[in-house]
Amino acid sequence: MPLRFYNTLTQRVEGFAPLTGNTVRMYTCGPTVWNFAHIGNLRTFTFVDILRRWLRYRGYQLDHVMNITDVDDRIIQQALAAGQSLGEYTAAYTKAFLDDAALLRLERPERLTPATEHIDAMVKLIAGLRQRGCTYESEGSIYFRIASFREYGKLSHTDFSGIRAGTRVDTDRYDKADARDFALWKAPKPGEPFWESELGPGRPGWHIECSAMAMHYLGDTLDIHGGGIDLVFPHHENEIAQSEGLTGKPFARFWLHAEHLILESQTMSKSLGNFITLRDVLAQGYPPEAIRYLLASVPYRKRLNFTADSPKAAATAVERLRNFELRLKTEKFPAGESEWLAARAEQARQRFEEGMDDDLNTAEALAAVFEFVREANTAMDAGDFRSANVAPALDLLERFDRIFDVLRPSERAGGLSDAAVEALIAERAQARARRDFARADQIRKQLAEQGVILEDTKDGTRWKRH
Ligand code: AMP
Ligand code: ZN
């Protein structure tokens, strides 16, 4: 069965291939850099990374654009409160996002680019919509007239025909119950940043940003557009209205949305105040690969319930795979081949690929790998694993890791394994016993750089990660 995805637009699972050639033209909504990303946000970005990697595994090339929303209502509010310019304020959170993405090994999209560098493209798009009669002005702001787009509601599968024409909403984020004509270009309020343009002074709404950047780089019709499930309405519904209102062509063929990460059964959200950042989890001593594994292991259309135990279980799973890889690379196995095991490796590879092809069913793909690892470990213990079984087992792990990318330990804080920490502490104790305090201090410093804190007690040295 070929590669297929669930398409929010058609509400069906459909076979996927790019419209033209071998390159997938894809746009995914990026972070709003008004604060640190929480791990719910990072779940969605990890889904996008898995999607990228699987498309490439299947032989496609990518032209993937992701925006960084560096101007919106919340950013302006926060920057004003902090007495900083927009650029100053967003630089720190943009960097924090890039750091998080690097820790989680998220590939860089081919183009990752801030909204404020594309104001011209947004103005052009709004001017085009104005010419087509899709907009109107009120008090210096320009609104999209949703009555001008007959298919409004087709992505969220909602009938909005009862909405009274001419009622407006000024914020970018609102519920279906508040669906109205939305702002494309917002008149500046006193003290707020704005751009001069042929539309008059103002700043873009959030929705126009993505339509403009997507079409600027990728053309009128994208292969894939994606983001978190909360973006279906109003953000993506409005993007469709803006883009198709202008071109009359389908804006995106496939719409993919990741379900939310929830924390103890409540959606993680900054406005609800119940959010955890990657830094928070890493501070508990978990390696970033374990968090990557955790975020990737639940299929993207299922909710991910994050509990206090989740990172630990993920770290254990990663450790099992690393131990298996280590055995494959270091143990001596009897010559020859166990045919049944060779067949199991082949079946595992097929099941892994079929799982991923099936709308990125990562749980199924992982089950295939772990079942093989369990059987192979048992066979090794029983002397039934032969030297010719090594290469196919390593090949399976390599395919797994091309997507999941967790086998290589990180070098930064928390990347040092417990055994490595213990070994260094033992070496430090020996150095102290022979009064080599320079070496002992050097080891303490080295561990501190890895985020490991030592505490000398009368019963010996205790340690923890910070
Ligand atoms: P934002 O920075 O608010 O623009 O959101 C960045 C991405 O995170 C968007 O694709 C959102 O849909 C997504 N998102 C927001 N909350 C969650 C959550 N609790 N779980 C998963 N994804 C989320
Ligand atoms: Zn967007």
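What share of the 466 residues in the protein is buried? Buried residues make up 54% of them, where buried means under 20% relative accessible area, exposed means over 50% and partly exposed lies in between, with a 1.4 Å probe and protein chains only. The model is predicted, so local features need pLDDT of at least 70 and side-chain atom pairs count only at pLDDT 80 or more, whereas totals for chains, interfaces and linings use all residues. Residues are numbered from 1 along each chain as its sequence is written, chains are lettered from A and ligands numbered from 1 in the order in which they are written, and side-chain values use heavy atoms, with hydrogens and water left out.

**Figure 1. Overview of the protein.** The secondary structure comes to 14 helices and 17 strands; helices (H or I, at least four residues) and strands (E, at least two) are DSSP runs numbered from the N terminus. Taken along the principal axes, the C-alpha atoms fill a box of roughly 80 × 55 × 35 Å. Among contacts between residues at least 6 apart in sequence, 75% join residues at least 24 apart, a contact being heavy atoms within 4.5 Å.

**Figure 2. Surroundings of R105 in the loop between α3 and β5.** The loop that holds R105 runs between α3 (86-103) and β5 (111-114). R105 counts as buried because its relative accessibility is 8%. Not counting residues up to four places away in sequence, R105 touches D49, R53, E289, R292, D405, V406, R408, P409 and S410. One of these residues, D405, offers its backbone oxygen to the side chain of R105 at 3.3 Å. This is a polar contact, that is, a pair of N or O atoms within 3.5 Å; within protein, one must be able to donate a hydrogen and the other to accept it, and residues adjacent in sequence count only if both atoms are side-chain atoms.

**Figure 3. Surroundings of E110 in the loop between α3 and β5.** E110 is partly exposed because its relative accessible area is 40%. Leaving aside residues up to four places away in sequence, E110 touches R52, L62, D63 and H64. The side chain of E110 makes a polar contact with the side chain of R52 at 2.9 Å, and the side chain of E110 also reaches the backbone nitrogen of H64 at 3.1 Å. From C-alpha to C-alpha, E110 and I229 are 23 Å apart in space, with 119 residues separating them in sequence.

**Figure 4. Crossing of helices α4 and α6.** The axes of α4 (residues 119-131) and α6 (residues 232-247) come within 9 Å and cross at roughly 60°. Axes are lines fitted to C-alpha atoms, for helices over the stretch in contact, and angles run from 0 to 180 degrees between N-to-C directions. The two helices, α4 and α6, are therefore oblique to each other; angles under 35 degrees count as roughly parallel, over 145 as roughly antiparallel, 65 to 115 as roughly perpendicular and the rest as oblique. The crossing of α4 and α6 is left-handed, a term used if the near helix is turned anticlockwise from the far one by less than a right angle, with right-handed used if clockwise. L125, G128 and L129 of α4 make the contact with Q242, G245 and L246 of α6. These residues divide into three nonpolar, three polar and no charged, where Ala, Val, Leu, Ile, Met, Phe, Trp, Tyr, Cys and Pro count as nonpolar, Asp, Glu, Lys and Arg as charged, and the others, Gly among them, as polar.

**Figure 5. Cis peptide bond between F233 and P234.** The bond that joins F233 and P234 has an omega of about 0°. P234 is found in helix α6.

**Figure 6. Packing of helices α13 and α14.** Helix α13 (residues 418-433) and helix α14 (residues 437-449) pack at an angle of about 160°, and their axes are 8 Å apart. That makes α13 roughly antiparallel to α14. The crossing of α13 and α14 is left-handed. On the α13 side, V421, L424, I425, E427, R428, A431 and R432 meet F437, R439, A440, I443, R444, Q446 and L447 in α14. By class, this contact has eight nonpolar, one polar and five charged residues.

**Figure 7. Positive phi at R435 and D359.** R435, found in the loop between α13 and α14, has a positive phi of about 60° although it is not a glycine. R435 is exposed, with a relative accessible area of 64%. D359 lies in the loop between α10 (339-357) and α11 (362-381). The phi of D359 is positive, at about 55°, although D359 is not a glycine. At 9% relative accessibility, D359 counts as buried.
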